[in-house]
Amino acid sequence: MEKEVEEELKSRLKDEFSNYTEIAGGKNYRYRHLKTVLEIVHKLKQNVETSEEIDENVLEIAALYHDIGRKEDIEDGEMDPFEGHEGHDERGAKIIEEYVSDFVTEDQLKKIQRIIRNHHSEPQTVEGKIVQDADKVSNFGVNNLWRQIHYAAEHERTFDDSLEYFWDSAVDRYRGQMKKLNFDYTKKVAEKRLERHKQAIERIEMEMDGEDF
Ligand SMILES: [Fe+2]
Ligand SMILES: [Fe+2]
């Protein structure tokens with residue numbers, strides 16, 4: 001999409017995700033997540049294998065706004081992404097028009113609505129599959145330590161509880177999510193991110209036990 005359109009759409013989005021704190025993310029986290037997913041689709045549109053033609057406007061706007069439905073989950077300056085999860089795809093598809101209709105055709109709007117509606121279920125188009133993978137892979141890797149540390153602090157978990165959770169539950173969950181990715185390319189990136197994440201946790205454990213002395 002054009003630079004000015006991107007700036008305008010980002011500013012409208014930022015207004016919706018300001019002055020609140022997200023569980024496992026911190027202050028104004030959702031806007032940052034949405035920008036990350038846009039950055040990832042910029043890369044993916046050049047790297048995924050597909051014979052279908054990609055509508056870049058549809059892809060990029062859907063990526064930037066896929067979680068717009070979450071704005072309705074902000075209450076008294078807080079948002080719990082795990083509680084409000086259900087239905088934000090449908091809610092987002094209903095309200096997307098008011099943000100983007102100045103910049104898209106009727107047909108593009110319908111495609112964007114469909115991508116948002118299906119981003120946690122079965123995407124129907126190549127743009128939908130790319131957005132879904134970008135969103136899922138954004139939760140892989142060392143960057144996720146930010147959210148995990150936040151989560152641990154908010155739930156009064158000890159350091160050792162957090163490590164136990166990572167090795168006993170999170171790694172399997174990541175592996176399960178990896179299998180559901182739509183493209184081989186994104187699976188490879190997710191695999192590398194998980195490997196780096198495991199190494200980072202191992203290093204943290206090693207230093208906490210003074211093993212590097
Ligand atoms: Fe979502
Ligand atoms: Fe998301």
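Which pattern does the protein chain follow, read along the sequence? Hi everyone, let's walk through that together. One thing up front: this is a predicted model.

So, the pattern: going along the sequence, the protein chain reads α-β-β-α-α-β-α-α-α-α-α-α-α. In total, that gives ten helices and three strands. And how compact is the protein chain? Its radius of gyration is 18 Å, and the globule rule gives 17 Å for 213 residues; the two values are close, so the chain is as compact as a globular protein of that length. If you like dimensions for setting up a box, the C-alpha trace spans about 60 × 45 × 30 Å along its principal axes.

Now, the strands. How are the three strands ordered in the sheet? The order is β2-β1-β3, in an open sheet with mixed pairing. On the edges you'll find β2, residues 26-27, and β3, residues 78-79, each of which pairs on one side only. Strand β1 covers residues 21-22, and with β2 it pairs in the antiparallel sense, over two bridges. To put residue names on that pairing, look at Thr21: its bridge partner in β2 is Lys27.

Let me finish with two figures for the chain as a whole. First, burial: of the 213 residues in the protein chain, 29% are buried. Second, contacts: take those between residues at least 6 apart in sequence, and 69% of them join residues at least 24 apart.

That's my tour of the model. Thanks for listening, and I'm happy to chat about any of it over coffee!

Definitions and conventions:
Residues numbered from 1 in each chain as written. Chains lettered and ligands numbered in written order. Predicted model: local features only at pLDDT ≥ 70, side-chain atom pairs only at ≥ 80, totals over all residues. Pairing = 2+ DSSP bridges. Helix = DSSP H or I, 4+ residues; strand = E, 2+ residues; numbered from the N terminus. Rg over C-alpha atoms; globule rule 2.2 N^0.38 Å. Buried ≥ 20, exposed ≤ 12 C-beta atoms within 10 Å, placed from the backbone. Contact = placed C-beta atoms within 7 Å.
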